[in-house]
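Open the model in your viewer and keep the selection tool ready. We will go stop by stop.

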Amino acid sequence: MALSIATWNINSVRLRMPLVEHFLKTFSPDILCLQETKCPNDQFPSKPLKALGYEHIVMHGQKGYHGVATVSRLPLTELVERRDYCGVGDARHVSVLFHHRGKSIRLHNFYVPAGGDEPDRTINVKFGHKLDFIEEMKLLHAEAEAGISSILVGDLNIAPLEHDVWSHKQLLKIVSHTPIETEGLIEVMTKGAWVDLMRRKVPETEKLYTWWSYRSADWQAANKGRRLDHIWSSADLEPHLSNIAVIREARGWERPSDHVPVIAEFDF
């Protein structure tokens, strides 16, 4: 049996629950990781998800801001981690352990700070927070637990490669593609022995986006996108990757998120 895992910055799960339901009915991933849920745990809309067969739900939420949630048709163990990156109390990470066909897999779900508009930590504390968050992520290793594989997904709010943005030259001084951010995220990958699964299926020479700004009058025609959403894994899972799907059509759904879902499929 194949395994499919999706990631999606939903930009308010209660507001966009109809879109979540439509996505799950249409694409039926085994696990969906949501970011920017903007919802306290006790107000998370679990009922419609359970009605669709996603009975296993792990949340790390807060009122009005941030928030991550992992919903699954597969059982999730009690070995849940909610790390307080940078020690500021933000709900930006949750990880779960699950088992599939003889493999034990740690699944990390991240929402990295956006970083504000000015790429200078001396005048923009949000950018400093983002850089500190990325620095702390460098301690996260894909092989941290013996006998356990790893997958890392989420809105990492950085487009690290040249063709992860619509114009490398024009965005070099724009938050999400500045060298200090891109080099930092690549270091997270290399230090942690993570594999960028999306770029294993889409060559680095090809444009690849998961986000289109609300500010664009016609996002589809302008196509000024960025790849802010990512799926990584430990090296042992890479040979099992069978497909990556970016659900671009979701950006055109009614009252959409500015991010679209990404699905990774594995052949085990």
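Buried means under 20% relative accessible area, exposed means over 50%, and partly exposed lies in between (1.4 Å probe, protein chains only). Helices (H or I, at least four residues) and strands (E, at least two) are DSSP runs, numbered from the N terminus. This is a predicted model, in which local features need pLDDT of at least 70, side-chain atom pairs count only at pLDDT 80 or more, and totals for chains, interfaces and linings use all residues. Residues are numbered from 1 along each chain as its sequence is written, and side-chain values use heavy atoms, with hydrogens and water left out.

**Stop 1: strand S4**

Select residues 68-72, which form strand S4. Is S4 enclosed or open? S4 is largely enclosed by the rest of the structure, because five of its five residues are buried. Now look at the directions of the side chains. In a regular strand they alternate between the two faces of the sheet. In S4, Val68, Thr70 and Ser72 point one way. Ala69 and Val71 point the other way, and all of these are buried.

**Stop 2: the neighbours of S4**

Two strands pair if DSSP finds at least two bridges between them. Add strand S3 (56-60) to your selection. S3 and S4 run antiparallel and are joined by five bridges. Find histidine 60: it stands opposite valine 68 in S4.

Next, add S2, residues 31-35. S2 and S4 also pair in the antiparallel sense, over five bridges. Which residues of S4 are the bridge partners here? Serine 72 is the partner of isoleucine 31, and valine 71 is the partner of leucine 32.

S2 itself is mostly covered, with five of its five residues buried. Ile31, Cys33 and Gln35 lie on one side. Leu32 and Leu34 lie on the other.

**Stop 3: the whole sheet**

Select S1 (3-9), S12 (241-246) and S13 (262-266) as well. You now have an open sheet of six strands, in the order S3-S4-S2-S1-S13-S12. The pairing is mixed. Which are the edge strands? They are S3 and S12, and each pairs on one side only. From one strand to the next, the twist averages 10°.

Zoom in on S1. On one side, S1 pairs with S2 in the parallel sense over five bridges. S1 and S13 run antiparallel, also with five bridges. Click isoleucine 5. In S2, isoleucine 5 faces isoleucine 31. In S13, the residue opposite isoleucine 5 is alanine 264.

Now show helix H1 (residues 17-27), which packs on the sheet and touches S1, S2 and S13 (contact means heavy atoms within 4.5 Å). The direction of H1 makes about 160° with that of S1. Axes are lines fitted to C-alpha atoms, for helices over the stretch in contact, and angles run from 0 to 180 degrees between N-to-C directions. Trace S1, H1 and S2 in turn: they make a right-handed β-α-β unit. Right-handed means that, with the strands pointing away from the viewer, the path from the first strand over the helix to the second runs clockwise.

**Stop 4: the largest core**

A nonpolar core is a set of buried Ala, Val, Leu, Ile, Met, Phe, Trp, Tyr and Cys residues joined through side-chain atoms within 4.5 Å. The largest one here has 29 residues. Select Leu3, Ile5, Phe98, Leu107, Ile151, Ile231 and Phe266, which touch the most other members. A second, separate core has 28 residues, including Ala6, Ile10, Val13 and Cys39.

Go back to isoleucine 151. Its contacts beyond four places in sequence include Ile5, Leu107, Ile231 and Phe266.

**Stop 5: arginine 106**

Arginine 106 sits in strand S6. Is arginine 106 buried or exposed? It counts as buried, because its relative accessibility is 3%. Its side chain reaches the backbone oxygen of leucine 79 at 2.7 Å. It also makes a polar contact with the side chain of glutamate 145 (3.1 Å). A polar contact is a pair of N or O atoms within 3.5 Å; within protein, one must be able to donate a hydrogen and the other to accept it, and residues adjacent in sequence count only if both atoms are side-chain atoms. Arginine 106 and glutamate 145 are 39 residues apart in sequence, yet 8.6 Å apart in space, C-alpha to C-alpha.

**Last stop: aspartate 164**

Look in the loop between S7 and helix H4 (179-191) for aspartate 164. Aspartate 164 counts as buried, because its relative accessibility is 0%. Its side chain reaches the backbone nitrogen of leucine 161 at 2.9 Å.
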